[in-house]
Amino acid sequence: MKKIFFKISRFVGGLVGLVLLYIAGVLLYGTVNDFQPEGTIALPVEGSADQQIISDSILTFTTWNVGYGGLGAEANFFYDSGSMFFSNGKMIRSGEAEVNKYVAGIEAFARRDSSDFLLFQEVDYRSKRSYYINQFELVGNVLPGYASVFAVNYKANWVPLPIFEPWRAYGSTNSGLGSWSKFQPESSDRVQLPGSFAWPTRIFQLDRCASVQRFKVSGGKELVVVNVHNSAYDKGGELKAAQMDFLKKLFLEEYEKGHYVIVGGDWNQCPPGFPFDKFMPGNTSGYTQTNIDQGFLPSDWTWCFDANTPTNRKVREVYKAGETFVTLIDFFLVSPNVQLLKVQTENLNFLYSDHQPVSMNVKLR
């Protein structure tokens with residue numbers, strides 16, 4: 001009996017040792033290869049825009065988190081269920097057929113959208129989760145006459161999640177913010193946002209940034225266009241607070257220089273004063289969403305959103321209209337010298353992404 005017990009104990013001990021060795025190896029690999037970008041990086045501009053200077057005072061914008069072409073209506077992402085160890089029957093990556101369908105829908109939307117500026121988030125440049133489709137290139141191909149820049153914010157040689165399903169792991173990622181414009185930018189920069197998750201979570205999380213572009217406006221001013229994607233999975237809100245303080249300083253400095261400032265993106269928080277459960281009051285499925293503070297900026301700045309249409313659905317389960325929790329976290333911000341004329345969210349029923357595109361028309365005063 002003692003020999004049997006000894007053999008079992010030895011086997012269990014060896015198994016536990018192998019598991020611990022595997023976890024240690026994963027953490028060591030991730031730490032050594034952790035992507036740590038500099039504070040500000042000049043971005044190369046691809047393509048040549050038809051126009052060099054903005055001479056028309058009326059401009060159009062669209063922002064859309066395209067969900068890396070992998071979070072359409074059929075997706076139920078395992079990480080949103082709160083487990084980094086097992087998938088528990090949830091999706092790690094959408095099937096290749098679904099990804100092809102989602103990416104085709106994103107392309108079709110971009111092709112028919114006539115906005116002067118397109119600000120997309122979660123654009124995969126080359127990632128295993130979307131079968132290495134270069135979505136930045138594909139969108140650019142349907143936008144002739146646009147200049148474009150790509151700002152990476154999620155770069156990892158290998159994301160080992162779920163940890164105890166290495167044969168199905170998330171894999172390599174290269175993803176970020178894609179910005180297209182009918183006007184040639186004077187400059188384009190990737191600006192690192194402050195804050196990060198504690199180790200070891202941070203080595204497999206996004207490195208949040210803003211894509212900041214400057215355009216010449218007739219009369220001598222500049223238009224500063226910012227593409228943003230703030231932190232998610234930030235339960236305490238500390239990362240968002242640090243990022244928002246940084247962005248506030250950036251916005252105010254540019255406006256005080258006399259420039260026009262227009263910001264669009266996925267803020268991962270609701271506009272000031274907007275009820276996060278407006279579309280499904282009392283039926284939140286346990287979700288909550290913070291708001292940007294009412295006093296974040298002076299009252300003459302304008303938050304631009306369509307209060308009648310949700311922009312985000314949660315991906316814990318496959319999307320079911322009227323059952324899946326939806327909210328509004330994608331919108332624009334404009335400085336006092338920019339007048340909002342119209343803003344509208346296009347209801348695509350979350351077919352191609354867990355977010356919906358938001359478009360607006362503005363006038364430079």
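This report covers the fold, helices, aromatic pairs and cores of a single chain.

**Overall picture**

The model is predicted. The chain holds 4 helices and 15 strands. Of its 365 residues, 55% count as buried. The accessible surface comes to about 16,300 Å². Carbon and sulfur atoms account for 55% of that surface. Contacts reach across the sequence: among those between residues at least 6 apart, 77% join residues at least 24 apart.

**Two helices**

Helix α2 runs over residues 96-112. It has 17 residues, so at 1.5 Å a residue it should span 24 Å. Its end C-alpha atoms are 25 Å apart, which agrees. Helix α4 covers residues 238-256. Here 19 residues should span 27 Å at 1.5 Å a residue, and the end C-alpha atoms of α4 are 27 Å apart, which agrees.

| Helix | Residues in helix | Expected span | Distance between end C-alpha atoms |
|---|---|---|---|
| α2 | 17 residues | 24 Å | 25 Å |
| α4 | 19 residues | 27 Å | 27 Å |

The buried residues of α2 include Val-99, Tyr-102, Val-103, Ile-106 and Phe-109. Glu-107 is also buried. These buried residues of α2 pack against strands β2 (58-65) and β3 (117-124) and against helix α3 (135-141).

In α4 the buried residues include Leu-239, Met-244, Leu-247, Leu-250, Phe-251 and Leu-252. Charged residues are on the list too, namely Lys-240 and Glu-254. The buried residues of α4 pack against β7, β8, β9 and β13. Just after α4, Gly-258 takes a positive phi of about 95 degrees.

**Aromatic pairs**

The count comes to 28 aromatic pairs. One of them joins Phe-117 and Phe-215, with 5.1 Å centre to centre and 80 degrees between the planes, an edge-to-face pair. Phe-117 lies in strand β3 and Phe-215 in strand β7 (residues 209-216), so this pair links parts of the chain 98 residues apart. Phe-117 has 1% relative accessibility and counts as buried. Phe-215 is buried as well, at 0% relative accessible area.

Another pair is formed by Tyr-287 and Phe-325. Their ring centres are 5.9 Å apart and their planes stand at 10 degrees, so the pair is stacked. Both partners sit in loops: Tyr-287 between β9 (260-266) and β10 (302-304), Phe-325 between β11 (312-313) and β12 (326-327). They are 38 residues apart along the chain. Tyr-287 has a relative accessible area of 14% and is buried, because the cut-off is under 20%. Phe-325, at 2% relative accessibility, counts as buried.

One aromatic cluster is made of Trp-64, Phe-109, Phe-120, Tyr-125, Phe-136, Phe-150 and Trp-180. Phe-109 is one of the buried residues of α2. Elsewhere, the charged end of Arg-129 sits over the ring of Tyr-68, 3.7 Å from the ring centre.

**Nonpolar cores**

In soluble globular proteins, nonpolar side chains tend to be buried together. The largest nonpolar core here has 34 residues. Phe-251 and Trp-267 touch the most other members. Elements giving two or more residues to this core are β7, β8 (222-229), α4, β9 and β13 (330-334). The largest share, 5 residues, comes from α4.

What does Trp-267 touch, not counting residues up to four places away in sequence? The list includes Met-244, Phe-251, Ile-292, Trp-303, Phe-331 and Leu-333. Asn-230 and Lys-240 also belong to it. Apart from this core lies another, of 21 residues, among them Leu-119, Tyr-260, Ile-262 and Val-343.

**Two buried polar residues**

Gln-135 lies in helix α3. Its relative accessible area is 4%, so Gln-135 is buried. Leaving aside neighbours within four places in sequence, its contacts include Val-66, Tyr-68, Val-103, Glu-122, Asp-124 and Ser-130. Tyr-68 is also the ring under the charged end of Arg-129.

Ser-179 lies in strand β5 (residues 171-181). Is Ser-179 buried or exposed? Ser-179 is buried, with a relative accessible area of 1%. Beyond its neighbours within four places in sequence, Ser-179 is in contact with residues including Leu-118, Leu-119, Ala-147, Val-149, Ser-211 and Asn-227. The C-alpha atoms of Ser-179 and Gln-121 are separated by 8.6 Å, although the two residues are 58 apart along the chain.

Definitions and conventions. Residues numbered from 1 in each chain as written. Predicted model: local features only at pLDDT ≥ 70, side-chain atom pairs only at ≥ 80, totals over all residues. Heavy atoms only, no water. Expected span 1.5 Å × (residues − 1). Buried < 20%, exposed > 50% of the residue type's maximum accessible area, 1.4 Å probe, protein only. Contact = heavy atoms within 4.5 Å. Phe/Tyr/Trp six-rings, centres within 6.5 Å; stacked < 30°, edge-to-face > 60°. Lys NZ or Arg CZ within 6 Å of the ring centre and 35° of its normal. Core = buried A, V, L, I, M, F, W, Y, C linked by side-chain atoms within 4.5 Å. Areas by Shrake-Rupley, 256 points an atom, 1.4 Å probe, with all protein chains shown as cover.
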